[in-house]
Amino acid sequence: MSRRRFLTTSTGVAAAATAGGLLSGCAGSVSSGGSGGKTTLTIMSSGTELGTAAEIKQAEKTLGMTLKVVKYDLTRLTAMLTAGTAPDIVRAVGATDAPYLASHGVAQDLDDYFAKSSVLKLSDLDPVNDVWRWDGEKQGVGPRYGMTKDYSQDSMLWYDTALFDKADVSYLSDTVPLTYDELLDVGKRLAQTGKKSKVYGLKMDGFTGTFLNMTTSAGGQLFNSDYSAVDYSSPEARKALAWYIELAKSGISPTIVDPDPNGWDWPTYQVGRMAITTEGYWFGGMITTDKKIAATSRFAPAPQFGSKRTSSCLSATGLWMPKAGKNKDAAWQAMEYFLGGEPAKKRARTGSGLPALKSLRPLLPKTEGFQKQAYAVQERELPYFSLLPFTPYVRIDAMDAVVNQVLPAAIKGTVPVGKLADQLNEGINKQLANGKKLIK
């Protein structure tokens, strides 16, 4: 259920996700027309992110179509594209997937559809949707290849005031961001490291995305100018690596060598065993389901690593349409419904992410005390949103696979930061070089 599972991609899946993984997606799709002339759309999504079974039935009734919703799986998607049986709509993490999908010719350019739409109007699109744009060289400009479902500024902090009270730690400011060093100090003071009574003081989510944000905030760049190489050995990136290794060695946060037994933040946070989590505004949709934890929860600005205050979206999960799809017009109608119709309005009302349409922002919940506080903090954070361009040459899974291989030894103390930076550069740059060769 987490939007950015921390370093859980297996090496095998990552291998399927490297630069050649979807290149065969240009084959034509077989017909997905239903019986009696009723269109059948195949939608690949995750869990119930587009709705419950009952809500999908309602969508079918509203759209006059049959919707075949299948679980998102990269290996299955690649096989379907290769076989010429492309799904009609697919979910993806726009912030990191969109450049890859567009540059490899897999995703459909949706500019003509947006230009004619009375539901998803260009003037109504939140700036986060620019993560789905690609002009052949850079993310954020050019044609649109998808649209965000909902989003958060993902480094913002939720925290449990009950644990702050217990540790006699002052609450976080609603307006002034902590530095990362201050955040680490607070996390150490909040943590309880006993095995039976363990409380995580802090949880950082998403290694690669977090490093993009931290390095940018410090005034550096993780990628070079054409996104064909990374440099973890720059002063800014090395400083970020050193900070993360200190966090991991402190034992106050789940890591790849000491993972959260629950698999993700919500179960742990819900029972009062995680003091701070970087899960962004969308996490409020979970908090609202439990009145007890809602009563002690507050929201805070994203921490700041350097002189430049950045608060980016590291996911922007949304929908895209395969170029090989058979039913593009019908698929667009379904995208309009899920991204601008009642499902989008419902997501906004529950606080399960910021809406991707500006016109839906007034629907965000402000009834409960924690909702009012979170909304006010979120409104003040918006000016610090920035797009962090990602490479088109590999998927983030491939980069994280390298991290999985080399990070544990550094956390355990056998690899210094300088050598870790070299290992990350060597492994990831090899992936990037191989991926670049495959773009025609």
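A cavity is taken as a set of points, on a 1 Å grid over the protein atoms alone, where a 1.4 Å probe fits but cannot get out; grid points are joined across faces, edges and corners, and a volume is the space filled by probe spheres set on the points. The model is predicted, so local features need pLDDT of at least 70 and side-chain atom pairs count only at pLDDT 80 or more, while totals for chains, interfaces and linings use all residues. Residues are numbered from 1 along each chain as its sequence is written, and side-chain values use heavy atoms, with hydrogens and water left out.

By this rule, 6 cavities of 30 Å³ or more are counted. The largest has a volume of about 100 Å³. Its lining (residues with an atom within 4 Å of a point) comprises 13 residues, of which A95, L212, C313, L314 and L388 are the closest to the centre.

Helix α7 (residues 180-190; a DSSP run of H or I, at least four residues) has Y180, L183, L184, V186, G187 and L190 buried, that is, under 20% relative accessible area with a 1.4 Å probe, protein chains only. These residues lie on the same side of α7 because they cover an arc of only 165° around the axis, taken from the directions from the helix axis to the C-beta atoms.

The largest nonpolar core (buried Ala, Val, Leu, Ile, Met, Phe, Trp, Tyr and Cys residues joined through side-chain atoms within 4.5 Å) has 57 residues, with the most contacts inside it made by Y232, W243, Y244, I276 and L420. Helix α16 gives the most to this core, 9 residues. A second, separate core has 44 residues, including V106, W158, Y269 and L364.

Terms used: 1 Å grid on protein atoms, 1.4 Å probe; cavity = no way out; pocket = protein on both sides within 12 Å on 5 of 7 lines; lining within 4 Å. Buried < 20%, exposed > 50% of the residue type's maximum accessible area, 1.4 Å probe, protein only. Helix = DSSP H or I, 4+ residues; strand = E, 2+ residues; numbered from the N terminus.
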